[in-house]
Amino acid sequence: MANRPRVVVVGTGFAGYHCLRTLESLLGPDDADLVAVNPTDYMLYLPLLPEVTAGILDPRRIAVPLRTKLPRTRLVLGSVSDVDVADQKCTVVDIEGRESVLEWDRLVITSGSVTRLLSIPGVAEYAKGFRSIAEAVFLRDHILRQLELAEQSDDPAERAARTTFVVVGAGYTGTELAAQGQLLTREALRRYKGLSEKDVRWLLVDMAPRVLPGLSKRLSGPALRVLRRRGVDVRLQTSVKEVTATCVKLTDDTEIPTRTVAWCVGVRPDPLVESTQLEAVQGRIAVDRKLRTAANQNVFAAGDVAAVPDATRPGEITPMTAQHAQRQGKVAGVNVAASLGHGMMHQYKHHDLGFLVDLAGPSAVADPLHIPISGLPAKAITRGYHLLALPGNRARVLADWAIDLVSTRQFVQLGLVRGTSMEDADQPPM
Ligand SMILES: Cc1cc2nc3c(=O)[nH]c(=O)nc-3n(C[C@H](O)[C@H](O)[C@H](O)COP(=O)(O)OP(=O)(O)OC[C@H]3O[C@@H](n4cnc5c(N)ncnc54)[C@H](O)[C@@H]3O)c2cc1C
């Protein structure tokens, strides 16, 4: 055992999971010890998170169990807090806060990204994050709770505030969340005799001049039309000045009374990058096309945390998407195996295949292979793609989708929001 090289993978999201799957297939049990450090025992399939808030998918469907899918990997539940690149060690803080030191022969950093908070007053305290299963389920509970409280209130101003939902950030996450959220409340309202559809208001706010600003322009127009047709108030070229417990102040000087601000303004690389002291580009770890760092050729990085040269757009780095993270993870696995004498190294190159945005109900926009489509064909492609890309739980996801087609959703709270004050103080941290 002592003679076997140890490969440590930090984070088991898209890149880390696919790296380990590749390593398990390329290396025999005696070739290396595989160790994964991750705070959860599952790989989270983030693109379907809005469907969890909507109540279409059970939260477990998007959690792919690591112990089943990576049988040869030793899972350490915790986070890496520090990496010593020179001495080939890292510090692990386990889920009970205990520190230990883990030595490695090869290190693959795939710790992804975190929500970008921006220094806007009140965001950290009152806005709701949307990046984990806990946050997605919490947000659903919170939305249903607001409908209950609005119905019980005799004060028109309080009713209006509780039935106003603001999503900040019109990238794919915010746009999908606003679309799913609006349909969720529309469906739920049928059970609230004291509220009608016109009482509920959804706003989507972004400082960009179009929705889906990072994606092809040809998706923005159709997505905007779907949202506006459904009554979502889309405010473009508008940002947030302040969030309080009872309102959001926008840069156009409007003040919107609300108890719900969902924060989807984008992500920044995982803060672990700073502790490594490795060279960074735009806050991401600089690697070559073999995904290796210059400072130590035994250190690899992939996914959102890595600045990988984009061979299809010289001078640029690859965008932070699941499409790239998954493929970079596989290349990192191949190259780590090659560095241990098993196979040849690959250079990363991937032509973007386009993007898929689910707008809830029968609506979606997509540009597979850069051909823009919308409506039911886009919806079918979007769901088909997710089903293929999801590394596990496929039958269960399919079953949830089928059930959602033929039956009504369960509009119940799970009791996660316990705060009695106006700001519902018990939210999970962003
Ligand atoms: C709501 C949402 C929807 C999205 N939808 C799409 C979409 O439709 N299409 C698309 O292409 N992209 C989408 N993305 C972006 C996509 O999910 C990311 O680009 C992708 O997850 C990046 O993969 P990754 O492996 O780099 O990081 P992640 O998948 O984020 O995985 C990182 C892992 O590392 C763990 N980790 C973090 N820090 C540490 C540490 N210090 N120690 C140990 N472990 C750590 C995390 O817990 C996590 O498990 C979406 C993102 C979000 C938030």
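A polar side-chain atom of Asn38 is placed 2.8 Å from an oxygen atom of the ligand, a polar contact being a pair of N or O atoms within 3.5 Å. The structure is a predicted model, in which local features need pLDDT of at least 70 and side-chain atom pairs count only at pLDDT 80 or more, while totals for chains, interfaces and linings use all residues. Residues are numbered from 1 along each chain as its sequence is written, and side-chain values use heavy atoms, with hydrogens and water left out.

Two further contacts involve nitrogen atoms of the ligand: a backbone N or O atom of Val80 lies 2.9 Å from one nitrogen, and a polar side-chain atom of Asp270 lies 3.2 Å from a nitrogen. Of the 990 Å² of accessible area that the ligand has on its own, the protein covers 89% (Shrake-Rupley method, 1.4 Å probe).

The ligand is surrounded by 29 residues (a heavy atom within 4 Å), of which Ala15, Asn38, Val80, Asp304 and Ala322 come nearest. At least two residues of this shell are supplied by each of α1 (14-26), β2 (33-38), β5 (73-84), α7 (172-189) and α10 (322-339); helices (H or I, at least four residues) and strands (E, at least two) are DSSP runs, numbered from the N terminus. By class, the shell has 13 nonpolar, 13 polar and three charged residues, where Ala, Val, Leu, Ile, Met, Phe, Trp, Tyr, Cys and Pro count as nonpolar, Asp, Glu, Lys and Arg as charged, and the others, Gly among them, as polar. The ligand lies between domain 1 (6-114 + 268-339) and domain 2 (123-265 + 355-406), because both give residues to the shell; the domain bounds come from an automatic or database assignment.

Note on methods. A polar contact is a pair of N or O atoms within 3.5 Å; within protein, one must be able to donate a hydrogen and the other to accept it, and residues adjacent in sequence count only if both atoms are side-chain atoms.
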